[in-house]
Amino acid sequence: MSANMNNHSSRLEKVLLSKSKTYGVIGICGVVGNLVARVLMDHQHNVICTDLQDSDNCPFLYTLAEYNPPIYLSNHPESFFSSSDYIIPPPSLSKTSKMFKKIMKSNSQLMEVDDIIEQISPDKPVICITGTNGKTTTTTLLKHFCYMIGLKPTEHGFKTLQGNVAYIPPLQCRLKGDIAVVETGTEGEKGDLKFTIERCRPSCGVITNITPDHLNNGSNFMQYARIKGELLEELQGKTVVVNSDDPTIWGLLSELNYQGKVVTFGVDHAPEGVSKKICWCKREIIIKETLSGLGYYECQCGLKRPIPHYLAKNITENTFLLQTPQEVIEIEMGISGLHNVYNALGAIATAHEVLNIPLEDIKKYIKTFKGVPGRLECVYHGENLNLIVDYAHNPSGVETVLRELKKTYDKLAVVITISSESGRTGDEEIMAKTMANADFIIPASYYSRHAAGKYISSGKIKLTDKEPDKFRSGTLGATEEQVIEGLKKGLECNTDAVVCIGEAAVKFKDNIKLLIDLNMEKNGEK
């Protein structure tokens with residue numbers, strides 16, 4: 001045992017540079033194990049893999065098709081241990097487990113994920129994107145720009161994974177590619193974003209916005225904002241691109257005494273409401289909102305919204321005039337909505353300032369970007385009705401999406417499949433935002449149904465025939481059956497559009513499409 005422990009403490013670079021060694025990865029059916037194996041193989045190392053799951057329950061095998069490593073499924077055979085010079089278990093494996101003890105007793109040496117991350121550099125520019133909302137669209141659009149200029153971004157390749165925490169972004173940075181543009185999230189705990197960011201070794205970062213939408217009951221918003229600031233701490237002396245229409249972000253730069261290049265973006269747009277946020281001086285600051293939690297502000301402490309370096313003016317549904325310190329250029333997007341103007345500005349500023357892509361080229365590329373699946377995705381377009389799914393799952397996200405849809409549709413029915421990360425408070429706030437922006441509301445999830453109780457007399461609430469059973473799996477607030485039952489009720493409404501919101505709406509969108517097809521066949525429309 002002591003000999004193996006001593007072997008484990010030896011420096012890893014001597015091993016990873018030797019192509020004659022074999023690295024055994026346990027947990028290949030998990031996200032981290034899958035990424036570890038591909039990182040090692042992308043750096044020309046010999047890898048064998050194992051997992052207790054069988055092929056029917058190993059969801060990401062398709063990502064390994066072009067690598068074709070030896071894979072043992074359904075068990076951990078002795079040949080796996082005898083063939084491995086080094087064994088990498090999943091980080092979740094307990095040091096007291098039978099498997100860990102077996103590794104330590106074997107002739108193979110133990111290697112941890114952090115050992116690999118330490119010894120294999122990303123060897124490419126890394127851009128980390130964080131924020132409460134808009135991360136996915138901003139990340140995907142920036143990667144679109146990269147593809148258009150011939151750069152290949154690293155892609156984790158998981159078709160159904162919304163993975164942006166812990167080891168996922170750092171490992172993605174180390175996959176083959178010319179540049180890494182990674183979405184980096186947080187679980188809301190101090191140090192968890194720092195854990196991810198410092199392992200990514202970024203050269204640049206983007207902060208889209210900071211709102212209290214992902215907080216659990218009793219959490220402190222300013223503490224949450226400081227967690228987002230862990231990106232700034234890691235990027236001291238480098239470059240950050242920030243939404244300066246957000247007073248929380250703009251004040252955070254001073255609060256952390258950020259020293260580096262700061263590029264700002266924002267919009268010139270008529271306010272659509274008024275809200276309040278806590279300033280870093282602990283006073284309440286009034287925001288004349290362009291978008292939820294964003295807009296024009298000035299605090300008694302001197303914090304004031306600056307004129308952004310990248311300013312969108314004359315905004316229509318999918319066009320705007322982009323004003324920069326050097327030039328003014330007309331932009332036409334392939335996506336629509338004020339929230340997507342903000343997302344586009346973050347991507348444009350980063351592409352121009354960090355990747356040195358000329359604005360005239362960006363103008364051509366952005367027009368061809370059609371958005372991210374599950375974000376205001378129209379899954380059915382009919383003569384009298386559109387059916388839309390959107391991943392919005394927190395109060396600001398829901399308000400933003402519904403405000404934009406109300407600009408297009410006179411009557412809007414909303415099917416809520418959400419279970420808020422913020423608990424009861426979040427569920428109630430989502431319902432209040434929906435009440436303010438929808439004509440008909442169908443609470444399809446258990447938690448939205450409870451939040452709808454006090455609004456029954458409004459006439460807007462349309463209940464499904466069967467009360468939804470209690471269900472919550474992370475942010476997945478509704479089952480497949482609950483989503484479909486909610487949609488059926490939504491289709492009964494006299495409306496121009498039905499929008500299903502929440503993670504469950506996106507997860508089960510194929511089932512939604514199938515229901516629409518069946519309805520069309522039933523009505524003789526297909």
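Which residue in S15 does Lys313 stand opposite? The partner is Leu321, and the strands around that pair make a good place to start. Before going on, some ground rules: this is a predicted model, in which local features need pLDDT of at least 70, side-chain atom pairs count only at pLDDT 80 or more, and totals for chains, interfaces and linings use all residues. Numbering starts from 1 along each chain as its sequence is written, and side-chain values rest on heavy atoms, with hydrogens and water left out.

Back to S15, then. Strands here are DSSP runs of E with at least two residues, helices are runs of H or I with at least four, and both are numbered from the N terminus. Strand S14 (residues 310-313) runs antiparallel to S15, joined by three bridges; two strands pair if DSSP finds at least two bridges between them. The hairpin of S14 and S15 has five residues between the strands, and Asn314 takes a positive phi near 50° there. S15 also pairs with strand S16 (residues 328-332), again in the antiparallel sense, over five bridges. In that pairing Leu322 has Ile329 of S16 as its bridge partner, and the S15–S16 hairpin has four residues between its strands.

Look along S15 (residues 319-323) and you'll see its side chains alternate. Phe320 and Leu322 point to one face and are buried, whereas Thr319, Leu321 and Gln323 point to the other and are not. Buried means under 20% relative accessible area, exposed means over 50%, and partly exposed is in between, using a 1.4 Å probe and protein chains only.

Now move towards the N terminus. Five strands build an open sheet with parallel pairing, in the order S3-S2-S1-S4-S5. S3 and strand S5 (109-110) are the edge strands, each pairing on one side only. Further in, strand S1 (residues 22-26) and strand S4 (residues 86-88) run parallel and are joined by three bridges, with Gly24 opposite Ile87 in S4. Helix H3 (residues 31-42) lies across S1, S2 and S4, running at about 165° to S1. Contact means heavy atoms within 4.5 Å, while axes are lines fitted to C-alpha atoms (for helices, over the stretch in contact) and angles run from 0 to 180 degrees between N-to-C directions.

Tyr86 sits in strand S4 and counts as buried at 9% relative accessibility. Its side chain makes a polar contact with the side chain of Gln109 at 2.6 Å. A polar contact is a pair of N or O atoms within 3.5 Å; within protein, one must be able to donate a hydrogen and the other to accept it, and residues adjacent in sequence count only if both atoms are side-chain atoms. Tyr86 and Lys21 are 65 residues apart along the chain, yet their C-alpha atoms are separated by 7.8 Å.

There is another open sheet to visit, with three antiparallel strands in the order S11-S12-S13. Its edge strands are S11 and strand S13 (294-297), each pairing on one side only. On average, neighbouring strands of this sheet are turned by 45° against each other, direction ignored. Six bridges join S11 to strand S12 (residues 284-291), and Ser275 stands opposite Ile287 in S12.

S11 also brings us to the charged pairs. The structure holds 28 salt bridges, each a side-chain nitrogen of Lys or Arg within 4 Å of a carboxyl oxygen of Asp or Glu. In one of them, the closest N and O atoms of Lys277 and Asp246 are 2.8 Å apart. Lys277 lies in strand S11 (residues 273-278) and Asp246 in the loop between strand S9 (239-243) and helix H12 (247-255), so this pair ties together parts that are 31 residues apart in sequence. Both Lys277 and Asp246 are buried.

Compare that with Glu66 and Lys176, whose side chains meet in a salt bridge at 2.6 Å, N to O. Glu66 lies in the loop between strand S2 (46-51) and strand S3 (71-73), and Lys176 in the loop between helix H8 (168-173) and strand S7 (180-183), so parts that are 110 residues apart in sequence are tied together. Here Glu66 is exposed at 60%, and Lys176 is partly exposed at 41%.

Finally, helix H15 (residues 395-406) and helix H16 (residues 423-437) have axes that come within 9 Å and cross at roughly 10°. The two helices are therefore roughly parallel to each other, a label for angles under 35 degrees (over 145 is roughly antiparallel, 65 to 115 roughly perpendicular, and the rest oblique). Residues of H15 including Glu399 and Arg403 meet residues of H16 including Lys433. Those three also belong to a network of salt bridges that links them with Glu272, Glu289, Glu404 and Lys407.
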